[in-house]
Amino acid sequence: MRKLSTAFFGVLGVLASAGAAMAAEAAEAAAPVARAALDAPGLGTVALAMCIGMGIAAAGCGIGQGLGLKGACEGVARNPEASNKLTNTLMLGLAFIESLAIYTFVICLILIFMRPFG
């Protein structure tokens, strides 16, 4: 369990720092007019929150999809005749799980570009 938590927080740290580094590069490459808009106060905090939120959402969706696929494979192994019904249900479930990551991505884009709090 300790190795798993160490790996999880290590990956989380890498994701958080990579987003900040990419945001800094994008700010330097932007035009002077856009640079003034990107240097708004609190943008670094929003970018950090966006990276952490998207990382957690992606990890949660990946775990959920893996568990769903595991259950579907076990179900087909137990009852091969129900594979069509299980496949349809699995695809619908995977689409719902993936939509959660897309919604999180849209919220992150709203936070970074629209800046509703400042």
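I112 lies in helix α4, and this residue is a handy place to start a walk through the model, which is a predicted one. With a relative accessible area of 15%, I112 falls under the 20% limit and is therefore buried. Once neighbours within four places in sequence are set aside, I112 touches L43, V46, A47 and M50. One of these partners, V46, sits 66 residues away from I112 in sequence, yet their C-alpha atoms are 6.5 Å apart.

**The chain as a whole**

Let us step back for a moment. The protein chain holds 4 helices and 0 strands, and reading along the sequence gives the pattern α-α-α-α. Of its 118 residues, 14% are buried. The chain exposes about 8600 Å², with carbon and sulfur atoms supplying 74% of that area. Among contacts between residues at least 6 apart in sequence, 67% join residues at least 24 apart.

**Helices α3 and α4**

Helix α3 covers residues 43–78; its 36 residues should span 52 Å at 1.5 Å a residue, and the end C-alpha atoms are indeed 52 Å apart, so the two values agree. Helix α4, residues 83–114, has 32 residues and reaches 45 Å from its first C-alpha to its last, close to the 46 Å expected.

Which residues of α3 are buried? They are L43, A47, M50, C51, G55, A57, C61 and A72. In α4, the buried set consists of L90, S99, A101, C108 and I112, and the buried residues of α4 pack against α3.

Three pairs help to show how positions far apart in sequence are placed in space:

| Pair | Separation in sequence | C-alpha to C-alpha distance |
|---|---|---|
| A47 and L109 | 62 residues | 9.7 Å |
| G64 and E98 | 34 residues | 9.4 Å |
| I112 and V46 | 66 residues | 6.5 Å |

Two residues from the table deserve a closer look. A47 is found in helix α3; its relative accessible area of 11% is under 20%, so A47 counts as buried. G64 also belongs to helix α3, but its relative accessible area is 23%, which lies between the 20% and 50% limits, so G64 is partly exposed.

**The nonpolar core**

What makes up the largest nonpolar core? This core has 5 residues in all: L43, A47, M50, C108 and I112. The elements that give two or more residues to it are α3 and α4, and α3 gives the most, with 3 residues. Our starting residue, I112, is in contact with L43, A47 and M50, among others. C108, for its part, is in contact with M50 and M54, again leaving aside neighbours within four places in sequence.

**A nonpolar patch on the surface**

Now for the outside. L100, I102, Y103, F105, V106, L109, I110, F113 and M114 form a nonpolar patch on the surface, and together these residues have about 940 Å² of accessible area. One member, V106, is found in helix α4. Is V106 buried or partly exposed? Its relative accessible area is 40%, between the 20% and 50% limits, so V106 is partly exposed. Another member of the patch, L109, is the residue paired with A47 in the table, at 9.7 Å.

Helix α4 thus brings both themes together: C108 and I112 are buried in it, while V106 in this helix belongs to the surface patch.

Terms used
Residues numbered from 1 in each chain as written. Predicted model: local features only at pLDDT ≥ 70, side-chain atom pairs only at ≥ 80, totals over all residues. Heavy atoms only, no water. Expected span 1.5 Å × (residues − 1). Buried < 20%, exposed > 50% of the residue type's maximum accessible area, 1.4 Å probe, protein only. Patch = residues over 30% accessible without salt bridge, like charges linked within 9 Å, V, L, I, M, F, W, Y side chains within 5 Å. Areas by Shrake-Rupley, 256 points an atom, 1.4 Å probe, with all protein chains shown as cover. Salt bridge = Lys/Arg side-chain N within 4 Å of Asp/Glu carboxyl O. Core = buried A, V, L, I, M, F, W, Y, C linked by side-chain atoms within 4.5 Å. Contact = heavy atoms within 4.5 Å.
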